[in-house]
Amino acid sequence: AKKAEEEAEAAKKAEIATATAKASEDADFNAIAEAVRKAREAAVKKAEEARAAAANVVVSAEEFEDLSKSYNVEYKARMKESLDTKDADLSEMVAFRPFIGFSLAEMKTGLIVDSIFVGGPAHQVGLRPKDKIKWFGSEATVPTTLVTMREAIAKNCVTGRLTKVAFEKNGGSDIIVANVWVMTSEAKAAGKPYYFDSAKGTRETVDNVGSPVKAAPGGKKNKK
């Protein structure tokens, strides 16, 4: 009987130890999850603040001439109209999904353009298939994966406004810095000066950029 009691006591202690360890693990997991949640919230808030600041940038006539010099007459007129947007329309512009008009392949050497809409905003500033993205938005933002590129776009792009992109031409070594007009291809923006109808657009695509490290979900291009 005594032996049975000792075994029962040992089993009880083992059960308590297991429960205590599990509680500790759960506490650690919850602490980590909470830290990740707060970090994500802080990142989202920072991106929203950056987008709001970009949306409210005022561009003078002299600055506009310099910023729009790479674009054709039609785009210059549309850009000017969108840059003159009043405060009442800013919230609508910020809500639209940004569109710059190219897709990327994630390579060991970085992000390489593998498709671009002819006549689109990125195409008009000289970006072409096989060019390599060096930085986006600012020199401090150097995306090297599709994920970090999406984060850079979320932080630096506001529909109807301009952002900077630096790229290296295929086969070259010079870094070109261009002011890209951010548009949107969302159908509900049809009729707006910053709307790009991607369904009617023509894409210049190459399939021999190499073997991508990561493909976009579903085999689709990672359209920007």
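S103 stands opposite S115 in strand 2, and that pairing is a handy way into this predicted model.

Strand 1, spanning residues 102–107, and strand 2, spanning residues 110–117, run antiparallel and are joined by 6 bridges. Together they make a hairpin, with 2 residues between the strands. Strand 1 is mostly covered, with 6 of its 6 residues buried. Which residues sit on its two sides? F102, L104 and E106 take one side, while S103, A105 and M107 take the other, and all are buried.

Now for the rings. The count comes to 6 aromatic pairs. Take F96 and Y194: the pair is tilted because the planes meet at 55°, with the ring centres 6.0 Å apart. F96 lies in the loop between helix 4 (87–95) and strand 1, and Y194 in the loop between strand 5 (175–181) and strand 6 (203–205), so this pair ties together parts that are 98 residues apart in sequence.

F99 and F196 count as stacked, because their planes are at 20°, with the centres 4.8 Å apart. This pair also links distant parts of the chain, 97 residues apart: F99 is in the loop between helix 4 and strand 1, F196 in the loop between strand 5 and strand 6.

Buried or exposed? Here is how these four rings come out.

| Residue | Relative accessible area | Status |
|---|---|---|
| F96 | 5% | buried |
| Y194 | 3% | buried |
| F99 | 1% | buried |
| F196 | 7% | buried |

Elsewhere, Y71, Y75 and W181 form one aromatic cluster. Y75 has a charged neighbour too: R78 lies over the face of its ring, 5.2 Å from the ring centre.

Notes:
Residues are numbered from 1 along each chain as its sequence is written. This is a predicted model: local features need pLDDT of at least 70, side-chain atom pairs count only at pLDDT 80 or more; totals for chains, interfaces and linings use all residues. Side-chain values use heavy atoms; hydrogens and water are left out. Buried means under 20% relative accessible area, exposed over 50%, partly exposed in between (1.4 Å probe, protein chains only). Helices (H or I, at least four residues) and strands (E, at least two) are DSSP runs, numbered from the N terminus. Two strands pair if DSSP finds at least two bridges between them. Rings of Phe, Tyr and Trp (its six-membered ring) pair if their centres lie within 6.5 Å; planes under 30 degrees apart count as stacked, over 60 as edge-to-face and the rest as tilted. A charge sits over a ring if NZ of Lys or CZ of Arg is within 6 Å of the ring centre and within 35 degrees of the ring normal.
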